[in-house]
Amino acid sequence: MARVTVEDCVDKVENRFDLVLLASHRARMIGSGQPITIDRDNDKNPVVALREIADETLTPDDLKEDLIQSLQKHVEVDEPEAEVVPALSPAAQDPDAVGDVQFDRMTEEDLLRGLEGLVPPAETEDEAD
């Protein structure tokens, strides 16, 4: 292809604005060292990017996905879900234990008495001014 025009690429990417975005992103990728998929023929990076789109050596969907990922600040990574481990009950730890589990309960009065017994923090020089 001696010359690439917008008409050569519009049938691959219908929206001209999207075409400009994808071709400029691909040209930046080529400039940063990504290998090209066609012969350069002494063309500059934007022309090479347009020729790659016109020759369909790169799919527009892949370019669009790569562009979106390059613009994201936070990229979600699919991490394996943590395995659910069943909690051991006291009966499982001690075969002689009874199946009933009891929890310690604190009344409001016990909590207030405990808080009254606390010593207030010492004042610093900044607070005294």
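**Reading the core and surface of a predicted model**

Of the contacts in the protein between residues at least 6 apart in sequence, 46% join residues at least 24 apart.

Student: Happy to start there. What kind of model is this, and how many helices and strands are there in the protein?

Tutor: This is a predicted model. The protein has 7 helices and 0 strands, so you can follow it from the N terminus as α-α-α-α-α-α-α.

Student: How do I read a nonpolar core, and which residues touch the most other members?

Tutor: In soluble globular proteins, nonpolar side chains tend to be buried together. Here, the largest nonpolar core has 15 residues, and Cys9, Val13, Leu19, Leu22, Ala49 and Ile53 touch the most other members. At least two residues of this core come from each of α2 (16-31), α3 (45-54) and α4 (60-71), with α2 giving the most, 5 residues.

Student: What does Leu19 touch, leaving out residues up to four places away in sequence?

Tutor: Leu19 touches Val6, Cys9, Val13, Leu50 and Ile53.

Student: Now the outside, please. Is Met106 buried or exposed?

Tutor: A residue counts as exposed when its relative accessible area is over 50%. Met106 reaches 59%, so Met106 is exposed. You will find Met106 in the loop between α5 (90-93) and α6 (108-116).

Student: Which residues form a nonpolar patch on the surface with Met106?

Tutor: Leu111, Leu112, Leu115 and Leu118 join Met106 in that patch, and together they have about 530 Å² of accessible area. For the protein, the accessible surface comes to about 11200 Å², with 51% belonging to carbon and sulfur atoms.

Student: And what share of the residues is buried?

Tutor: Buried residues are 16% of the 129 in the protein.

Conventions:
Residues are numbered from 1 along each chain as its sequence is written. This is a predicted model: local features need pLDDT of at least 70, side-chain atom pairs count only at pLDDT 80 or more; totals for chains, interfaces and linings use all residues. Side-chain values use heavy atoms; hydrogens and water are left out. Patches are made of residues with over 30% relative accessible area and no salt bridge: like charges are joined within 9 Å, nonpolar side chains (Val, Leu, Ile, Met, Phe, Trp, Tyr) within 5 Å. Accessible areas come from the Shrake-Rupley method with a 1.4 Å probe; for residues, only the protein chains shown count as cover. A salt bridge is a side-chain nitrogen of Lys or Arg within 4 Å of a carboxyl oxygen of Asp or Glu. Helices (H or I, at least four residues) and strands (E, at least two) are DSSP runs, numbered from the N terminus. Buried means under 20% relative accessible area, exposed over 50%, partly exposed in between (1.4 Å probe, protein chains only). A nonpolar core is a set of buried Ala, Val, Leu, Ile, Met, Phe, Trp, Tyr and Cys residues joined through side-chain atoms within 4.5 Å. Contact means heavy atoms within 4.5 Å.
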